[in-house]
Structures are given as structure tokens and as C-alpha cells.
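Here's a casual walk through one protein model, with an eye on its helices, rings and charges. Have the viewer open and follow along.

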Amino acid sequence: MNEILLDSLPVPGTATAAAALDVAAAHLPPALLNHSLRAYLWAAARGTADGLTFDPELLYVAALFHDIGLVPVFDSHTVAFEEAGGHVARVFAAGAGWPAGRRARLSDVIVRHMWPQVDVAADPEGHLLARATATEVVGKEADAYPSRFRDEVLDRYPRLDLAASFLTCFQDQAARKPDSAAAGAVRSGLAERMAAHPLDASG
């Protein structure tokens with residue numbers, strides 16, 4: 001990936017984007033909020049570097065809400081956290097005046113961030129968010145980003161106690177929802193992969 005500057009990335013300045021940040025900041029603990037903002041930046045940087053056409057507002061709102069289903073007030077005891085988050089985001093987007101099709105796209109992007117891979121041609125925002133959250137959680141492709149850019153992102157949005165708090169959330173999801181993707185991640189060694197996270201070592 002060529003050199004890229006943090007302030008050169010497209011960050012939507014719409015009222016909906018601002019409202020999404022307000023909602024996320026009101027409900028996500030600091031580590032999860034920073035995680036969500038970093039996920040957007042990794043995704044936007046990847047999309048920009050790869051020359052992909054993507055919708056910055058859709059991607060930004062999806063990034064802010066992708067883990068909202070882990071927060072107790074929005075946690076569901078019947079569906080996986082990514083599905084719950086998709087429902088919360090869809091309701092938010094309805095209030096923001098988004099048409100039904102765009103609300104459905106937002107929900108899809110959030111649900112698909114837990115997929116192993118997402119077809120970039122069918123869903124560029126889902127593809128970018130899935131890759132960015134893999135970078136965030138287990139460090140996948142972290143070394144593809146220029147070191148200066150990584151440092152800028154981590155300085156602006158520190159990782160704080162993400163490793164411990166995120167793992168606790170996923171272990172709780174796994175215990176209550178054994179058929180969920182979160183449970184599969186825990187069974188496949190999530191704790192060990194997170195312990196070796198390169199961004200925690202550098203940030």
C-alpha cells in the first residue's frame with residue numbers, strides 16, 4: 001500500500017454521520033468506540049488504496065454500529081450480536097430518513113463483517129469492513145498499512161483495553177450463543193491470536 005495520510009481519507013460530514021457518532025459515543029465504552037472509528041479508517045484507507053468505489057457514509061455508519069450488539073442495552077439473547085447490531089442500525093437509519101433499500105444495505109454490511117470474506121463486487125463496504133475488523137481484532141493485514149499511517153491512527157484513537165474487553169465480550173457471546181460466529185472465533189483460538197496482536201505491541 002502506498003503512503004497514505006490520515007487526514008486525506010474521506011470522512012463523511014453529513015448530519016446522519018454526526019448523529020451516528022453521537023449514538024455510538026453515548027453507548028459504546030471508549031475502547032469499543034475507538035475500535036469502531038479505527039475500523040472505518042482501516043477500511044477507508046484500504047478502499048482508497050485499492051481504487052474501490054465505496055460509499056463513505058454507509059461505511060462510516062456501519063463501522064460505528066458494527067459492535068453495538070455487544071453493548072448490554074442492545075444485546076440480544078436470541079440472535080448473534082452482528083444481527084442485533086444490524087437491527088439497531090436499521091432502526092437508526094429509518095429515523096435518519098434513509099430509504100428501505102439503504103437501510104437494508106447498512107444491516108447487511110454489519111452482519112457480513114463477521115463473514116470470513118465478502119465479495120467486493122457484490123458488497124464493497126461489507127468487504128472493506130470485514131477486512132478492517134480482522135485487522136482490528138487479530139492484526140490480519142496490519143503490516144499492509146504504512147507504518148506512519150498506523151502510528152497516526154493509533155495516536156488519534158488509542159486501543160486502550162480493547163484486547164481484554166473485546167475478548168470478554170466474545171467469550172460471553174460464545175457461552176450464551178454457541179452456534180454464533182463469535183463462538184466459532186473463540187473456539188478457533190481467538191484469545192491466542194489477540195494476544196499476539198501487532199497493533200497492541202506497537203500501540
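What follows is a short tour of this predicted model, starting with a helix and moving on to ring and charge contacts.

## Helix H2

Let's start with H2, which covers residues 30-49. Does its length add up? Taking 1.5 Å a residue, its 20 residues should span 28 Å, and the C-alpha atoms at the two ends are indeed 28 Å apart, so expectation and model agree.

The helix is also well covered: 17 of its 20 residues are buried, so H2 is largely enclosed by the rest of the structure. After H2 comes Gly-51, and its phi is positive, near 70 degrees.

## A buried arginine

Arg-38 is one of the residues in helix H2. Is Arg-38 buried or exposed? Its relative accessibility is 0%, which means that Arg-38 counts as buried.

What does the Arg-38 side chain make a polar contact with? The partner is the side chain of Glu-136, at 2.7 Å. Setting aside neighbours within four places in sequence, Arg-38 also has a run of other contacts, including Val-153, Leu-154, Tyr-157, Pro-158, Arg-159 and Leu-162.

## Rings, and charges over rings

Searching the whole structure turns up 7 aromatic pairs. One of them joins Trp-42 and Phe-149 in an edge-to-face arrangement, with 5.8 Å from centre to centre and 75 degrees between the planes. This pair links distant parts of the chain: Trp-42 belongs to helix H2 and Phe-149 to helix H7 (residues 147-156), 107 residues apart. Both Trp-42 and Phe-149 are buried.

Tyr-145 joins Trp-42 and Phe-149 in one aromatic cluster. Tyr-145 has a charged partner as well: Arg-46 lies over its face, 5.5 Å from the ring centre. There's another such arrangement at Trp-98, where the charged end of Arg-102 sits over the ring, 4.2 Å from its centre.

## Arg-102 and its acidic partners

Now for the charge pairs. Side chains of opposite charge can pair when their charged atoms come close. How many salt bridges does the structure hold? The count is 16.

Arg-102 takes part in a salt bridge with Asp-55, at 2.6 Å from N to O. Those two come from distant parts of the chain, with Asp-55 in the loop between H2 and helix H3 (56-65), Arg-102 in helix H5 (residues 100-112), and their positions 47 residues apart. Arg-102 also forms a salt bridge with Glu-57, where the closest N and O atoms are 2.7 Å apart. Since Arg-102 is in helix H5 and Glu-57 in helix H3, this pair ties together parts that are 45 residues apart in sequence.

How covered are these three? Asp-55 has 21% relative accessibility, so it counts as partly exposed. Arg-102 is partly exposed too, at 22%. Glu-57 comes in at 15%, so it counts as buried; the cut-off for buried is under 20%.

## A salt-bridge network

Further along, Asp-123 and Arg-112 form a salt bridge, with their closest N and O atoms 2.8 Å apart. Asp-123 sits in the loop between H5 and helix H6 (124-138), while Arg-112 is in helix H5, 11 residues away in the chain. With 1% relative accessibility, Asp-123 counts as buried.

That bridge doesn't stand alone. Which residues do salt bridges with shared partners join into one network? They are Arg-105, Asp-108, Arg-112, Asp-123 and Glu-125.

## Asp-75 in its loop

One last stop: Asp-75, found in the loop between H3 and helix H4 (81-95). Its relative accessibility is 18%, so Asp-75 counts as buried, given that the cut-off is under 20%.

The Asp-75 side chain makes a polar contact with the side chain of Arg-176, at 2.4 Å. The side chain of Lys-177 is in polar contact with the Asp-75 side chain as well, at 3.2 Å. Not counting residues up to four places away in sequence, Asp-75 touches Gly-69, Gln-173, Arg-176 and Lys-177.

Terms used. Residues numbered from 1 in each chain as written. Predicted model: local features only at pLDDT ≥ 70, side-chain atom pairs only at ≥ 80, totals over all residues. Heavy atoms only, no water. Helix = DSSP H or I, 4+ residues; strand = E, 2+ residues; numbered from the N terminus. Expected span 1.5 Å × (residues − 1). Buried < 20%, exposed > 50% of the residue type's maximum accessible area, 1.4 Å probe, protein only. Phe/Tyr/Trp six-rings, centres within 6.5 Å; stacked < 30°, edge-to-face > 60°. Lys NZ or Arg CZ within 6 Å of the ring centre and 35° of its normal. Polar contact = N/O pair within 3.5 Å; in protein donor to acceptor, adjacent residues only side chain to side chain. Contact = heavy atoms within 4.5 Å. Salt bridge = Lys/Arg side-chain N within 4 Å of Asp/Glu carboxyl O.
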